[in-house]
Structures are given as structure tokens and as C-alpha cells.
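Student: I've just opened this one and don't know my way around yet. Can we go through it together, bit by bit?

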Amino acid sequence: MEIRPIISSDNKTLAAIIRACLIEFKAGKPGTVFFDKTTDTLSDLFKMNGSKYFVVLQDGEIVGGAGIFPTHNLPAETCELVKLYLDPKARGKGLGKILMKQCEEEAKKLGYKKVYLETMPELAIAVPLYEKMGYKYLPSPLGNTGHGGCDIWMLKKL
């Protein structure tokens, strides 16, 4: 297993993994990253200051990724954990937890004190991981993610 920052040649594979996961869990709906144009150009999106995206490879093949992003209108010193998706063959091996820890460490390095995330009931497979990693439920969303299809909001103090 290898984890490294995203590069432009990763875009097509990551977009395919993200959309396939959303279809798999019947979550490819408006208001999600499925229809977000930036899903096809993640390496460009994560050039923004205060952001970072990590790709995980297994036997040299991209099997998923996750990142942190300074989402518009989040409270001070808060970033968002974004686009954590794994190919089915990469699940159940602790890679999601490893990616989350990598993102949280990067968030600390960048000066963030909290990490926010949004998800939806269709992606229930991820919610127990978020809970185990210390994320707490919020009654309403933070910031302006543009993903109105999400209705589970969580926050973690680093």
C-alpha cells in the first residue's frame, strides 16, 4: 500500500471510483459529488491553499482517496474532510481509517483545529468509521459545501 498526494493523471480513475461508489450505494443523486464538475479535475481543485488530497494505491493501482478542503463559510480553523471513497476491493482493510488519519495529520500541519464532514444515509457503511474516529453529530450543516443532498453532518476537534 502507498499513500501519496494527488497528481493530474489520477483524475479520471478517482472520478470513476467516486461515481461507482455513489451508484453502488444508490447515492448518485443531485446535490452530491456525483454531479459536481470538480470531481473530474480533483488535482486542480486541491491546488487551493489549505487543501490536500491523498490517493491510496494497492499493488500500484489507485483504489481510493480522501482529502481536506477549506470549504467556504466554515468556522475559523475548520476544514472539511472530503471525497473519501474506496473501491470495493480496498474496503475492510483499514484503508479508510489510514486515509482519515493522514488527512487529520495534514489538517493539523495546516493549522486547522477541527474537521467537518458531510455524508448521507445511503453511505451508511462510512458512518461507523466516522463515529469510531471521534466525529460527533451536528444538528445542521456548516459552511457552504454546495452538496444539499447530504443530511448527516459531523465534526471532530483535533
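Student: Which side chain does the side chain of Arg-19 join in a polar contact of 2.7 Å?

Tutor: Keep in mind that this is a predicted model. Arg-19 sits in helix α1, which covers residues 11-24. Leaving out residues up to four places away in sequence, Arg-19 touches Val-33, Phe-34, Asp-36, Thr-39 and Asp-40. The side chain that makes the polar contact of 2.7 Å with Arg-19 belongs to Asp-40.

Student: On to the aromatics. How are the planes of Phe-46 and Phe-69 arranged in their aromatic pair?

Tutor: The structure holds three aromatic pairs. In the pair of Phe-46 and Phe-69, the rings are 5.7 Å apart centre to centre, with 75 degrees between the planes. Planes over 60 degrees apart get their own label, so this pair is edge-to-face.

Student: How many residues apart in sequence are the parts that this pair ties together?

Tutor: Phe-46 lies in the loop between α2 (42-45) and β2 (52-58), while Phe-69 is in strand β3 (residues 61-69). Both of these Phe residues are buried. The pair therefore ties together parts whose separation in sequence is 23 residues.

Student: Which residue forms one aromatic cluster with Phe-46 and Phe-69?

Tutor: We've already met two members, Phe-46 and Phe-69, as an edge-to-face pair. The cluster also takes in a tyrosine, Tyr-53.

Student: Is Ser-51 buried or exposed?

Tutor: Ser-51 is in the loop between α2 and β2. Among the residues that Ser-51 touches are Leu-45, Phe-46, Phe-69 and Leu-110. Its relative accessibility is 9%, and the cut-off is under 20%, so Ser-51 counts as buried.

Student: Which backbone oxygen does the side chain of Ser-51 reach at 2.6 Å?

Tutor: There are two backbone oxygens to look at here. The one of Phe-46 lies 3.2 Å from a polar atom of the Ser-51 side chain. The one at 2.6 Å belongs to Met-48.

Student: Now for the empty spaces. Which element gives the most to the lining of the largest pocket?

Tutor: The largest pocket has a volume of about 600 Å³. Of the 30 residues that line it, the closest to its centre are Leu-84, Tyr-85, Leu-123, Ala-126 and Tyr-130. The elements giving two or more residues to this lining are β4 (78-86), α3 (95-109), β5 (114-119) and α4 (127-132). With seven residues, the one that gives the most is β4.

Student: And the second largest pocket, how many charged residues are in its lining?

Tutor: This pocket has a volume of about 170 Å³. Of the 14 residues lining the second largest pocket, the closest to its centre are Leu-45, Phe-69, Thr-71, Lys-83 and Thr-145. The lining divides into five nonpolar and six polar residues, and the number of charged ones is three.

Student: What is the phi of Lys-83?

Tutor: Most residues other than glycine have a negative phi. Lys-83, in strand β4, is not a glycine, yet has a positive phi. The value is about 50 degrees.

Student: Glu-77 has a positive phi too. What is its relative accessible area?

Tutor: The phi of Glu-77 is about 60 degrees, and the residue lies in the loop between β3 and β4. Lys-83 is buried at 9% relative accessibility. Glu-77, in contrast, is partly exposed, with a relative accessible area of 46%.

Technical notes. Residues are numbered from 1 along each chain as its sequence is written. This is a predicted model: local features need pLDDT of at least 70, side-chain atom pairs count only at pLDDT 80 or more; totals for chains, interfaces and linings use all residues. Side-chain values use heavy atoms; hydrogens and water are left out. Helices (H or I, at least four residues) and strands (E, at least two) are DSSP runs, numbered from the N terminus. A polar contact is a pair of N or O atoms within 3.5 Å; within protein, one must be able to donate a hydrogen and the other to accept it, and residues adjacent in sequence count only if both atoms are side-chain atoms. Contact means heavy atoms within 4.5 Å. Rings of Phe, Tyr and Trp (its six-membered ring) pair if their centres lie within 6.5 Å; planes under 30 degrees apart count as stacked, over 60 as edge-to-face and the rest as tilted. Buried means under 20% relative accessible area, exposed over 50%, partly exposed in between (1.4 Å probe, protein chains only). On a 1 Å grid over the protein atoms alone, a cavity is a set of points where a 1.4 Å probe fits but cannot get out, and a pocket is an open set with protein on both sides within 12 Å along at least five of seven lines; lining residues have an atom within 4 Å of a point. Grid points are joined across faces, edges and corners, and a volume is the space filled by probe spheres set on the points. Ala, Val, Leu, Ile, Met, Phe, Trp, Tyr, Cys and Pro count as nonpolar, Asp, Glu, Lys and Arg as charged, and the others, Gly among them, as polar.
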